Amino acid sequence: MIEVQKDNLIKVGVISPVVFGAKFSISEDSRLQEAVGLARAINLDVVWQETIHIRKIRSGTYFSRGIIEKIASHVEEKNIELLVVDIDLSPIQQRNLERELKIKVIDRTALILEIFGERAQTRGFTDLLGL
């Protein structure tokens, strides 16, 4: 669970990867805004958000070296502590991104689970949901 204190918000970057040629039922901007909204739902301080276009998915990190360097520069410049990637990452991709960027990385599924976990704790449903 991500520990967030009211007076000390975690600085977060939210990226929404789009593979060239992929078709979605909603616009790229709508997808990004939805991911930002999910991050803000648990009081994360979104300091950077961007749709990132990629040509090919890399098995080890999802992103190419150039994209990782671009993300790393934003992480350093904005003191980002957590990166939300609005897709499903494999455990290996998540681990490799964390090693490369030296920050915590979560995917869309983990973010949604965080929201459910927080709501369960704040509303007393922990036993009901088994959390």
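Outside its neighbours within four places in sequence, Val18 is in contact with Phe24, Glu28, Arg31, Thr51, Ile52, His53 and Ile54, where contact means heavy atoms within 4.5 Å. Val18 is found in strand E1; helices (H or I, at least four residues) and strands (E, at least two) are DSSP runs, numbered from the N terminus. With a relative accessibility of 4%, Val18 counts as buried. The cut-offs are under 20% relative accessible area for buried, over 50% for exposed, and partly exposed in between, with a 1.4 Å probe and protein chains only. Among the contacts of Val18 is His53, and the C-alpha atoms of these two residues are separated by 4.8 Å although their positions lie 35 residues apart along the chain. Put exactly, Val18 and His53 are 35 residues apart along the chain.

The model described here is predicted, so to speak of a local feature requires pLDDT of at least 70 and side-chain atom pairs count only at pLDDT 80 or more, while totals for chains, interfaces and linings use all residues. Residues are numbered from 1 along each chain as its sequence is written, and side-chain values use heavy atoms, with hydrogens and water left out.

Taken as a whole, the chain holds five helices and four strands. Along the sequence these elements follow the pattern β-α-β-α-β-α-β-α-α. Of the 131 residues in the chain, 40% are buried. The accessible surface comes to about 7,700 Å², and carbon and sulfur atoms account for 50% of that area; accessible areas come from the Shrake-Rupley method with a 1.4 Å probe, and for residues only the protein chains shown count as cover. Among contacts between residues at least 6 apart in sequence, 62% join residues at least 24 apart.

The strands come next. Strands of a sheet pair through backbone hydrogen bonds, either parallel or antiparallel. Here, four strands form an open sheet in the order E2-E1-E3-E4, with parallel pairing; two strands pair if DSSP finds at least two bridges between them. Strand E2 (45–54) and strand E4 (104–107) stand at the edges with a single partner strand each, so one side of each has no neighbour in the sheet. On average, neighbouring strands of the sheet are turned by 20° against each other, direction ignored. Angles run from 0 to 180 degrees between N-to-C directions, and axes are lines fitted to C-alpha atoms, for helices over the stretch in contact. Strand E1 (residues 11–19), which holds Val18, runs parallel to E3 and is joined to that strand by four bridges. Within this pairing, Val14 has Val84 of E3 as its bridge partner.

Two helices can be placed against these strands. Helix H2 lies across E1, E2 and E3 and runs at about 170° to E2. Helix H3 lies across E3 and E4, at about 145° to E4.

Charged side chains were examined next. Side chains of opposite charge can pair when their charged atoms come close. The structure holds six salt bridges, each defined as a side-chain nitrogen of Lys or Arg within 4 Å of a carboxyl oxygen of Asp or Glu. One of them joins Arg65 and Glu100, whose closest N and O atoms are 2.9 Å apart. This pair links distant parts of the chain, with Arg65 in helix H2 (residues 65–78) and Glu100 in helix H3 (residues 91–101), 35 residues apart. Both partners count as partly exposed, Arg65 at 46% relative accessibility and Glu100 at 33%.

Another salt bridge brings together the side chains of Asp86 and Arg108, at 2.6 Å from N to O. These residues, 22 apart, also link distant parts of the chain: Asp86 sits in the loop between strand E3 (82–85) and H3, and Arg108 belongs to helix H4 (residues 108–123). Asp86 is buried, with 5% relative accessibility, whereas Arg108 is partly exposed at 23%. A further salt bridge forms between Glu98 and Lys104, with 3.6 Å between the closest N and O atoms. Glu98 is partly exposed at 23% relative accessibility, and Lys104 is partly exposed at 43%. Through salt bridges that share partners, Glu34, Asp86 and Arg108 are joined into one network.

Finally, the aromatic rings were considered. A pair of aromatic rings is described by the distance of the centres and the angle of the planes. Rings of Phe, Tyr and Trp (its six-membered ring) pair if their centres lie within 6.5 Å; planes under 30 degrees apart count as stacked, over 60 as edge-to-face and the rest as tilted. By this rule there is one aromatic pair. The pair consists of Tyr62 and Phe63 in an edge-to-face arrangement, with 5.3 Å from centre to centre and 70° between the planes. Tyr62 and Phe63 are both buried.
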